[in-house]
Amino acid sequence: MQTTNDAINLALSKAIVDQAPDAIIFADPSGKIIIWNSGAERIFGHKAADVMGGPLDIIIPEQLSQGHHNGFNHAMSSGEMKYADKVLTTRSMHKDGTRIYVDMSFGFVRDEAGKILGALAIARDITERQANDRAQRLRIAELEKALQEKSGTDGK
């Protein structure tokens, strides 16, 4: 009976990961991609079959690459993760070369003995939200400038 429940739970866990709308990515301690779900395929444009066993570099902009490697290696060797239990808004790369904004959260995956098996990242594409926020900030700045000019408080 326990084996049947274990199999059901495993199948359910796999289905949840596979079908989650957010990207779910798991990399082993060397940084090789082991899990890349359909959300990751949609957000980053790479098919799982094309990235499995490869490096995370495919989604990291070049200017952030060194910082990522330093942070990942430090986390794997020390067991401490700078952004654990936080959501980090950062830039990332789509397969077509466009840069996107993502909210990412990170954590370790450990075995029963506490040994680190790798790192988990969950990402959500927020590119559209970032663009809307930027447009809104620009519009507010334009309105404030127009108001200052109209009221004669523009410092002239």
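The largest nonpolar core of this predicted model has 23 residues, and those with the most contacts inside it are Ile 25, Trp 36, Phe 44, Leu 56 and Val 102. Strands E1 (23–27), E2 (33–36), E4 (99–110) and E5 (116–125) each give two or more residues to this core, as do helices H2 (38–44), H3 (48–51) and H4 (62–78). E5 provides the largest share, 4 residues. As background, nonpolar side chains in soluble globular proteins tend to be buried together.

**Around Trp 36 and Phe 44**

Let us look at two of those well-connected residues. The structure holds 1 aromatic pair. Trp 36 and Phe 44 form this pair, with a tilted arrangement: their centres are 5.7 Å apart and their planes meet at 45 degrees. Both residues are buried.

Which residues does Phe 44 touch, leaving aside those up to four places away in sequence? Its contacts are Ala 23, Ile 25, Trp 36, Ile 59, Ser 92, Met 93, His 94, Lys 95, Ile 100, Val 102 and Ala 123. Among these, Ile 25, Trp 36 and Val 102 are also listed with the most contacts inside the core.

Trp 36 has a further link, this time through strand pairing: it is the bridge partner, in E2, of Ile 25. Strands E1 and E2 run antiparallel and are joined by 3 bridges. Together they make a hairpin with 5 residues between the strands, and Gly 31 in the turn has a positive phi of about 95 degrees.

**Around Thr 90 and Arg 91**

Now for strand E3, which covers residues 87–93 and includes Thr 90. Is Thr 90 buried or exposed? Thr 90 counts as buried because its relative accessibility is 19%, and the cut-off for buried is under 20%. Apart from residues up to four places away in sequence, Thr 90 touches Leu 64, Ile 100, Tyr 101, Val 102 and Met 104.

Tyr 101 also meets Arg 91: the charged end of Arg 91 sits over the Tyr 101 ring, 4.2 Å from the ring centre. Here are the two ring arrangements side by side.

| Residues | Arrangement | Distance |
|---|---|---|
| Trp 36 and Phe 44 | tilted aromatic pair | 5.7 Å, centre to centre |
| Arg 91 and Tyr 101 | charged end over ring | 4.2 Å, to the ring centre |

**Helix H5**

Finally, helix H5 has 25 residues, 127–151. At 1.5 Å a residue it should span 36 Å, and its end C-alpha atoms are 36 Å apart, so expectation and model agree. Gly 152 follows H5 and has a positive phi, near 75 degrees.

How values were computed
Residues are numbered from 1 along each chain as its sequence is written. This is a predicted model: local features need pLDDT of at least 70, side-chain atom pairs count only at pLDDT 80 or more; totals for chains, interfaces and linings use all residues. Side-chain values use heavy atoms; hydrogens and water are left out. Buried means under 20% relative accessible area, exposed over 50%, partly exposed in between (1.4 Å probe, protein chains only). Contact means heavy atoms within 4.5 Å. Rings of Phe, Tyr and Trp (its six-membered ring) pair if their centres lie within 6.5 Å; planes under 30 degrees apart count as stacked, over 60 as edge-to-face and the rest as tilted. A charge sits over a ring if NZ of Lys or CZ of Arg is within 6 Å of the ring centre and within 35 degrees of the ring normal. A nonpolar core is a set of buried Ala, Val, Leu, Ile, Met, Phe, Trp, Tyr and Cys residues joined through side-chain atoms within 4.5 Å. The expected span of a helix is 1.5 Å times one less than its number of residues. Two strands pair if DSSP finds at least two bridges between them.
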